[in-house]
Amino acid sequence: MCVRSCFQSPRLQWVWRTAFLKHTQRRHQGSHRWTHLGGSTYRAVIFDMGGVLIPSPGRVAAEWEVQNRIPSGTILKALMEGGENGPWMRFMRAEITAEGFLREFGRLCSEMLKTSVPVDSFFSLLTSERVAKQFPVMTEAITQIRAKGLQTAVLSNNFYLPNQKSFLPLDRKQFDVIVESCMEGICKPDPRIYKLCLEQLGLQPSESIFLDDLGTNLKEAARLGIHTIKRQGFAVLPKLVSNSWAQAIYPPYPPKVVRLQVNDPETAVKELEALLGFTLRVGVPNTRPVKKTMEIPKDSLQKYLKDLLGIQTTGPLELLQFDHGQSNPTYYIRLANRDLVLRKKPPGTLLPSAHAIEREFRIMKALANAGVPVPNVLDLCEDSSVIGTPFYVMEYCPGLIYKDPSLPGLEPSHRRAIYTAMNTVLCKIHSVDLQAVGLEDYGKQEVAEIAHQVLILFPAGDYIPRQVRTWVKQYRASETSTIPAMERLIEWLPLHLPRQQRTTVVHGDFRLDNLVFHPEEPEVLAVLDWELSTLGDPLADVAYSCLAHYLPSSFPVLRGINDCDLTQLGIPAAEEYFRMYCLQMGLPPTENWNFYMAFSFFRVAAILQGVYKRSLTGQASSTYAEQTGKLTEFVSNLAWDFAVKEGFRVFKEMPFTNPLTRSYHTWARPQSQWCPTGSRSYSSVPEASPAHTSRGGLVISPESLSPPVRELYHRLKHFMEQRVYPAEPELQSHQASAARWSPSPLIEDLKVCNCSAPDTGNMELLVRYGTEAQKARWLIPLLEGKARSCFAMTEPQVASSDATNIEASIREEDSFYVINGHKWWITGILDPRCQLCVFMGKTDPHAPRHRQQSVLLVPMDTPGIKIIRPLTVYGLEDAPGGHGEVRFEHVRVPKENMVLGPGRGFEIAQGRLGPGRIHHCMRLIGFSERALALMKARVKSRLAFGKPLVEQGTVLADIAQSRVEIEQARLLVLRAAHLMDLAGNKAAALDIAMIKMVAPSMASRVIDRAIQAFGAAGLSSDYPLAQFFTWARALRFADGPDEVHRATVAKLELKHRI
């Protein structure tokens, strides 16, 4: 397997250039005699695995380093460390286990970078099913080789997995012989392993061909007489790795020996074809045999095409299916010397106005005359008797289709040129003269049809309202379960519609993988997939073309670049891409960009749901179709995130003279004329049916919850009463014992909710701002409850309620940040399970006041973190997490641990808490309810002055007052939560400040009354009241000083209500 190969780019352009220049030529067919230069017959092809059949470790390492912000070449250098006696080579000879290898390998990487490196995640990626997949072109080549009667073999430097099975993610039936280094105890380029492979094949060296991606491995094969072909020269080691040990053991090739070195599977197969003398690839790129459920009748299609093209040939029609296209099945056709593409509607009952291939045909035919690069369309056939559905035919346009938006293998300048070309062609589409090309009425018929169906007439220019209604209807027609984010969006989108400024041709699905590029130049040759095109708001296209910027690279249907370093790749960020568009079009940037992104992701979610629904009946054509059921919710949550951001923007821009109007009753607002068909109305009344229960209304009692949530509420209540409250005495004993700084086994056994501070806020921080690598390392363990965390912000020297006051420094040094600072009241830092410290410090004291701070993720095992002492709250230690005073002295943290970027700390601190902003208020209401319950039980059982306490007038007054105050606070918390759900944290700022001001004081009063009813017992540790009172008082600091919340409420009151 490859560990020394260069990270060279795939030679896709070379392959596509050949296709581009010769796409009208037919590949030669039939049997040939396959001989090498000496005239001997080849009888076997031997394949290396890593780098030939599956991605090489070197290439996987390169991508992993970029994603995890590890310095380039670190993994390769560590793999090479020690040469033949290093951990990697010993691992492949099975001299050490996987655990032993990872331990040594991790140590090497950590020593190189002076910080811990998560090598486990690299090894997991290397061996994952997602990465370790056989290249389809190689699978096809092996099939053809075996069909010609040749043997095939795998000769791989390989290793054992932790389960003691060798790492061989291949179909063993493809090979006659498999030789693995871990099973033989010897590795390539040791000549013995080549001889062993030849012996098992029963062949002489001259009868075989060997493919490998390493020059040193090919060198020994050539020395033994195995035939290979060299394409452009063997790979050299990166400069950062010394290859002197390899050169000393393996001298240069002997003269006149040729060898095949694989730098790109496509190119390797082409050169192998030339050597063997027969075709190994029977299709065109990105095609596969037609799926059984998507087959079409060839005979009637062939007759139709002969009549259309005037072809007299009697040769067979070749039909393949493109592996993309989740909506309209797309086929490659070869008939005589013509290469064609057919697009058709899917079979079965379809949603109204969906899969409009007629629209595709019309628009491409019109745009061809306007200078927009589109394929040459030939004919539209609306006669379903030909192949079962309407279809159209166009000429096949060879070129490059980039499925991966990160454009692997290209130089940064070339990547930027590709995205610039994409932007330019979008501007060209939006600049088409509608009247000149006869498209001034394009889309109007669709508007009338849809309007008739939903009984609301929209003007033709109201593209966004029309689209919202259309996609809501499509989603409802394919809905298989309730998705909360989709319900919120269906309600939110019609209420935040932007005013359309311009009407142009809109592609409707404009993204990188719908463009065909020139094989050598950054030039768009054709724009594909016009099914969703119409006349409308061009900004919808611009936003849609930026989807990849917000999706992860692991997203299976639309690969993203959200977790990539765009600066390093040379790809413009979404903001720059949008500015580029505005500059070319001569337009000012739009203010409501977040709405367009929310709408775009809502559309994608609706499309994914439709694909999933069709996959249940076998109608969807994409191989990813069945996975989309799990993706709709993910995408809808992304859409809602943008809706929340748009809410922030609107809130900030509200004019001073307009009152902040809110409904103060608990009913949801009446349905407006803009509310899409199928949206659901909600009420908080107990009699509401399940179908009408949603986040749209303010629920004020358990009886008003939907049945599933109500059942969950009762389960939780039962759990507290049966498991938690009875355990309190044992937990109190543990807190008073010498073992208090170790987590109680009872707590670990009971742990179900995982909603403790500061973990909830830190989890929200990672979800909102973390990279994929940061989430993988920290978020997953936190979510699973396997780790704890802390948040280091408060400092003893300054008033830390103002985040801009903090003085701890974060200084850049090489590939690290160095931290120095003094923090205290760091909750949870003493817990032995605490693995992560979210640290806030200053990176630039000279920057604007709110851009000086940054946030770093600091592993707790990093040298230089010194806990000075645990702090007590009214004498309580709060073990095992505690509240620590800590010094950070020259703590070195890798740069990739920076959250969001330098200078974003204040922004993160403000946005860190979503629901966590009012969790403490919820807890305080819980404290208060418990205190009141204890108080009621106490006064019923105690006598004073000749009668039960419950009959004392002052006690009754206290109980009544406590109930009233609890309910007042509870309603305010519920309303704040309701607004946060519907409009976002920013829009709920006033309500959040009010409840933070009200809840601690209310709890203190209620708990104080309960203590008074208990007498001296209320002050003891026999009851939880003293602890409740302590935390209620402490939260008037910990959750922000009362004074800050009062000031916020007053400012908003003066700002919006005068």
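This text goes through the strand pairings, a helix packed on a sheet, the ring contacts and the nonpolar cores of a predicted model. Local features need pLDDT of at least 70 and side-chain atom pairs count only at pLDDT 80 or more, while totals for chains, interfaces and linings use all residues. Residues are numbered from 1 along each chain as its sequence is written, and side-chain values use heavy atoms, with hydrogens and water left out.

Helices (H or I, at least four residues) and strands (E, at least two) are DSSP runs, numbered from the N terminus. Two strands pair if DSSP finds at least two bridges between them. An open sheet of six strands follows the order E6-E7-E8-E9-E11-E10, with antiparallel pairing. Its edge strands, each pairing on one side only, are E6 (287–288) and E10 (377–381). E6 runs antiparallel to E7 (residues 318–322) and is joined to E7 by two bridges; there, threonine 287 stands opposite phenylalanine 322.

Helix H14 (residues 357–367) lies across E9 (338–344), E10 and E11 (391–395), and runs at about 150° to E10. That angle, on a scale from 0 to 180 degrees, is taken between N-to-C directions of axes fitted to C-alpha atoms, for helices over the stretch in contact. Contact means heavy atoms within 4.5 Å.

Further along the chain, E22 (residues 883–894) pairs antiparallel with E18 (residues 816–827) over nine bridges. In this pairing, threonine 827 has histidine 883 as its bridge partner. E22 also pairs antiparallel with E21 (residues 865–870), over five bridges, and proline 870 stands opposite glycine 884 in E22.

Two arginines lie over ring faces (CZ of Arg, or NZ of Lys, within 6 Å of the ring centre and within 35 degrees of the ring normal). Arginine 892 is 4.5 Å from the ring centre of phenylalanine 816, and arginine 359 is 4.7 Å from that of tyrosine 442.

The largest nonpolar core has 101 residues, and Leu439, Phe510 and Trp530 are among those with the most contacts inside it. Such a core is a set of buried Ala, Val, Leu, Ile, Met, Phe, Trp, Tyr and Cys residues joined through side-chain atoms within 4.5 Å, where buried means under 20% relative accessible area (1.4 Å probe, protein chains only). Helix H22 (residues 593–615) gives the largest share of this core, 12 residues. A second, separate core of 58 residues includes Met89, Leu102, Val131 and Phe167. Tryptophan 530 touches residues including Glu360, Ile363, Met364 and Leu367.

Key
Buried < 20%, exposed > 50% of the residue type's maximum accessible area, 1.4 Å probe, protein only. Lists of a residue's contacts leave out its neighbours within four places in sequence.
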